[in-house]
Every structure is written in C-alpha cells, then in structure tokens.
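Subject: Structure for you to look through

Dear colleague,

I am passing on the structure we spoke about, and my notes follow below it. Please read them with the model open beside you.

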Amino acid sequence: MQTTEDPSIAGIIGDSPQILDLKQAVLKVAPRNTTVLITGETGTGKELFAQALHQGSLRRFKPFVRVNCAAIPEALLESELFGYAEGTFTGGKKGGYLGKFALADGGTVFLDEMAELPLALQAKLLRFLEEHEIQRLGESLPRRVNVRVVAATNANLVQLVKYKKFRSDLYYRLNVVTLEIPPLRSRREDIPVLTRAFMKQLNAEYDYRVYRLDADIQRIFDSYHWPGNVRELRNILETAFNLHDGGQELNVGHLPPYLRRWFQEQTERAKTVSLASGVSTVGQVEADAGGERKEGMDETVRREGEAWRGGKVGRRPRASRRPTAKEEKERAFWRPEAQGTIEARGRTNESGEGAKEAGNRAMETGGEAKGAGATAKEAGSGAKEAEGRVSVEGKKVREGAAGTNEEERRNREDRTDKEDRAGEEWGKASKGRGGRDEGRTAGDKGRTRSAEEWDGAGEAITWTEWVNMIGRRSLAEITDLFEGKLLLHLLGSGRNRTEMADLLGISRQALYKKLQKYHPGK
C-alpha cells in the first residue's frame with residue numbers, strides 16, 4: 001500500500017483503520033499550503049503528523065519550527081513569535097530577533113498547545129494568517145513571510161469558543177483541514193505494533209536482546225485505559241528496560257509501580273465480580289428451572305382438563321358420567337400436589353442413589369488400600385531379595401580381600417579400629433536419643449561384628465546385626481553407612497575402578513562421585 005511505502009509517513013506507526021485513513025489524508029493534504037488543525041489527547045502523536053505534513057510537502061527542504069505556546073511566558077510570547085528590533089527593551093539581543101515565523105520562512109511553523117494563546121495575541125495571529133505579514137516589536141513596517149501554519153491542541157476549541165476563551169474567527173480560520181488523532185484505547189489493535197517498534201528502538205539504545213512480553217503484561221496492555229496514550233506506552237516500556245535484569249522477556253515485575261498496583265486491583269475486582277455473578281447466575285438458573293417446571297405442570301393440568309371437558313377451553317362439556325377407577329387414578333396423578341409428591345420421591349431416590357455411589361466409592365477406596373498393602377508386601381519381598389544380593393556381593397568382596405598383601409591388611413586393621421570407635425560413639429548417641437534396647441546394647445558393647453570379620457571370608461552380616469549396629473537411624477544415614485562401608489572394602493580388595501563400577505552396576509563417573517562423597521582421600 002502507498003501508506004506504508006511513502007517515507008513522509010514512515011514515522012507514524014499503526015495498522016488500525018483510523019490510522020490508515022489519517023495516513024491517506026496526510027498524503028493528500030501535505031503537498032498543499034493549506035492550514036491544518038490537529039486535535040487529539042495528549043500523547044497521541046500530534047507532532048508526528050505535523051512532521052509528516054512537512055516532509056510530504058515541497059517545504060521539506062526548509063525549516064520546521066516548533067513552538068510550544070504553553071511553555072513560553074505570556075509576556076514574551078509575542079516577541080518569540082514575531083520578533084523584535086534592536087533596542088526595543090533592555091537586555092535584548094544586538095541586532096534584534098527575527099522571531100519564529102521569520103525563522104521558518106519558506107517552511108512550516110508548528111504551533112503546539114494552540115488553546116493556550118492569550119486573546120490579544122490571537123488577534124495578531126489571525127491577521128498574520130490572513131495577510132502573511134509580520135511586524136516585529138519596535139518596527140513600523142511589516143515583513144512578508146511565506147510560512148505554512150500547522151496548529152495542534154488537546155482542548156475542545158468549540159467549548160472554548162462558546163465560553164469566549166478562544167476567538168471564533170481564529171478558530172474558523174484554523175479549521176480548514178482537521179485531523180483528529182484517536183486515543184490509543186480506541187485502537188487497541190495498534191498496541192502490539194507500537195510495542196514491537198518501541199522495543200526495537202530500546203534494544204538498539206540499551207544494547208539489549210529483549211523480544212517478548214509475558215502473558216500478564218499482554219493482558220495489562222489489552223485492558224489498560226491508557227490516559228497517556230502512545231507516550232505512556234513508550235515510557236512504560238522504557239521503565240521496563242531500565243528495570244530489566246537480563247533475559248529475552250519482560251514480566252510484570254519490570255513495570256512501573258502504579259501499573260502493577262492497577263493490575264492487582266483489577267485482578268481482585270475481577271475475582272469479586274466473578275464470584276458475585278456466579279451466585280447470581282446459579283440462583284437465576286434455579287428460578288428459571290422452577291418456573292419452567294411449574295409452567296409445564298400447569299399446561300399438563302390444563303390439557304387434561306380440556307380432554308375431560310371434551311375439547312377446547314370454554315366448550316360446553318358433554319353429558320356427565322361417573323369416571324372409572326383408572327380415570328380417577330390418572331386424574332389424581334396430574335394434580336399439582338401429586339406432582340410435588342412425585343418430585344419429593346424423585347429427590348429421595350436421588351439421595352439413595354447418592355448414598356449408593358458413596359458406598360461404592362468407599363468400597364473402591366478399601367480396594368485401593370488393599371492394593372497398597374499388597375504393594376507394600378511386594379516391596380518387603382524386594383527388600384529381602386536385595387538383602388540376599390548384598391550378602392552375595394559382600395561375600396565376593398571378602399573373597400577378593402583375602403588375597404591382599406600384609407601392608408593392606410595393616411591398613412584395614414587401622415581403619416577397623418577407627419570404625420570401632422565410631423560404632424561406640426553411635427551407640428552412645430543412640431542411647432542419648434532414647435533408642436531401642438538393641439541400639440543401647442550396640443552403644444554399650446560397640447559393634448556386634450568387627451570390621452576384620454567383615455573383611456574376612458566369614459558369613460555375611462545379617463539383617464538383625466545391621467539393626468543392632470544402626471539403631472534408630474534414618475533411611476538416609478543407613479544408605480550412607482552401607483554405601484560407605486561397601487566402597488571402603490572394595491577399595492581394599494585390590495580391584496581397579498572399572499571392575500568396581502561393573503560390580504556395582506554403575507558408570508565410572510557415578511563411582512567417582514560416590515568416592516568423592518564418602519572417601520575424598522581415596
């Protein structure tokens with residue numbers, strides 16, 4: 001499209017229908033010298049449209065002069081706009097000052113905050129727009145300048161004219177072509193486009209690589225009312241980049257505090273409204289269902305009455321006759337009080353069905369408990385099998401350790417003495433914690449089986465002896481004790497690391513980690 005290819009409007013970001021229409025209007029108006037009035041809330045980008053008008057015209061090689069009418073003191077505003085001659089007042093520049101209009105000769109003057117002009121200066125501006133002549137302060141002769149005026153305001157000039165705060169003739173002189181910039185909240189489809197463009201700019205400025213927003217920020221951007229419009233969006237993203245702590249994504253913690261508080265309040269309010277509406281909806285559904293049941297019952301009774309009368313309502317009934325017992329039973333069934341009794345019975349049956357379902361669930365729970373017990377039994381059998389495998393492995397280790405030299409045996413005896421002393425300390429600690437009788441016996445007498453017996457070719461240590469040795473220790477302590485003892489005796493058996501890893505069924509790297517954990521010096 002032409003709107004996206006023309007360089008004069010490249011700075012206007014947005015794909016909403018309103019922005020696309022404005023871009024087309026700018027391309028049509030820019031080549032002409034028509035005065036343009038741009039209206040819109042603060043932060044909507046009115047100056048960007050003024051620059052687009054200047055860049056799209058033949059004046060783009062001449063100056064574009066900005067004048068903020070609200071930022072200049074009222075006493076100096078006339079001299080700033082129209083200039084002054086040398087010696088007009090004390091402190092003036094030597095040679096005088098040309099003024100903004102004279103400086104922009106051949107180009108464009110952008111008068112921002114137009115509604116802030118005092119009434120006296122509005123009359124002088126009106127004369128300039130009509131005659132294209134200015135007269136500097138302290139001079140008697142006017143000067144002709146060729147300037148295009150683009151004015152902008154965020155105020156309602158119609159209301160200001162109504163209350164005599166803005167000249168009506170100046171308003172109609174400015175209001176030749178009006179561009180109304182919509183607020184950001186009315187074109188939310190432009191928020192993702194603007195966000196991507198601003199993030200690209202900020203990445204280049206801060207040398208970051210941030211490309212994503214988390215889901216909460218996207219929800220905030222979609223629901224926030226944006227009183228500051230596009231400028232506020234840019235400032236929020238710049239704040240997030242300043243608070244960013246690394247990574248490629250921004251989250252709610254990077255947003256300004258006032259926006260985080262707003263999001264929290266909206267979340268709590270939404271929860272409250274959701275709960276309240278849920279209760280109301282349930283009540284309405286129940287009321288509607290009750291009304292439908294009542295209407296159905298009334299309609300059924302009416303139809304039965306019509307049948308007994310022999311036709312439509314109001315038709316003269318047939319000759320009376322005594323109803324049979326079957327007919328009386330059917331008529332009693334369709335009466336409202338009978339229907340209420342039937343509904344009560346239905347609710348009773350439903351309650352009974354609910355009780356049956358609860359009983360079934362209880363039986364299923366009992367079955368699950370039985371299954372858990374069977375699983376526990378299987379786990380116990382597995383533990384016994386593991387104990388048998390440990391005994392076999394310990395026997396193999398003892399057989400390998402029997403063929404070591406005398407020096408290794410002396411080293412094992414030294415380690416055994418240390419372990420005996422450790423066993424006595426464990427027994428004392430177990431007695432202090434109030435352990436079982438077996439733990440106290442192990443603490444008083446030391447270990448039941450010495451390390452020498454463990455290293456030798458005797459029988460494997462039994463489960464009871466393990467219990468006597470470990471007392472009331474946790475599963476983690478038992479595991480550490482067993483793995484440490486097993487690794488210690490494997491080291492003394494003369495096997496290399498590969499054989500040890502194969503024997504334990506683990507990799508060399510896992511074996512190295514266990515050795516570092518239990519025997520760092522080895």
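A polar contact here is a pair of N or O atoms within 3.5 Å, where, within protein, one atom must be able to donate a hydrogen and the other to accept it, and where residues adjacent in sequence count only if both atoms are side-chain atoms. One such pair joins the backbone oxygen of E41 to a polar atom of the T44 side chain, at 2.8 Å.

Please bear in mind that this is a predicted model, in which local features need pLDDT of at least 70 and side-chain atom pairs count only at pLDDT 80 or more, while totals for chains, interfaces and linings use all residues. Residues are numbered from 1 along each chain as its sequence is written, and side-chain values use heavy atoms, with hydrogens and water left out.

T44 itself lies in the loop between β1 and α3 (46–55), helices (H or I, at least four residues) and strands (E, at least two) being DSSP runs numbered from the N terminus. T44 counts as buried because its relative accessibility is 5%, the cut-offs being under 20% for buried, over 50% for exposed and partly exposed in between (1.4 Å probe, protein chains only). Not counting residues up to four places away in sequence, T44 touches I181, P182, P183, R187, N229 and V230, contact meaning heavy atoms within 4.5 Å.

Turning to the sheet, you will find 5 strands in an open arrangement, ordered β2-β3-β6-β1-β7 and paired in parallel; two strands pair if DSSP finds at least two bridges between them. β2 (64–68) and β7 (177–180) stand at the edges with a single partner strand each, so one side of each has no neighbour in the sheet. β2 is joined to the parallel strand β3 (residues 108–112) by 5 bridges, with F64 opposite T108, while β3 and β6 pair over 4 bridges, V109 having V149 as its partner. Both faces of β3 are covered, since T108, F110 and D112 on one side and V109 and L111 on the other are all buried.

The largest nonpolar core (a set of buried Ala, Val, Leu, Ile, Met, Phe, Trp, Tyr and Cys residues joined through side-chain atoms within 4.5 Å) has 33 residues, and L111 and F128 are among those with the most contacts inside it. The element that gives the most to this core is α6, with 5 residues. A second, separate core of 25 residues includes L184, L194, M199 and W226.

With best wishes
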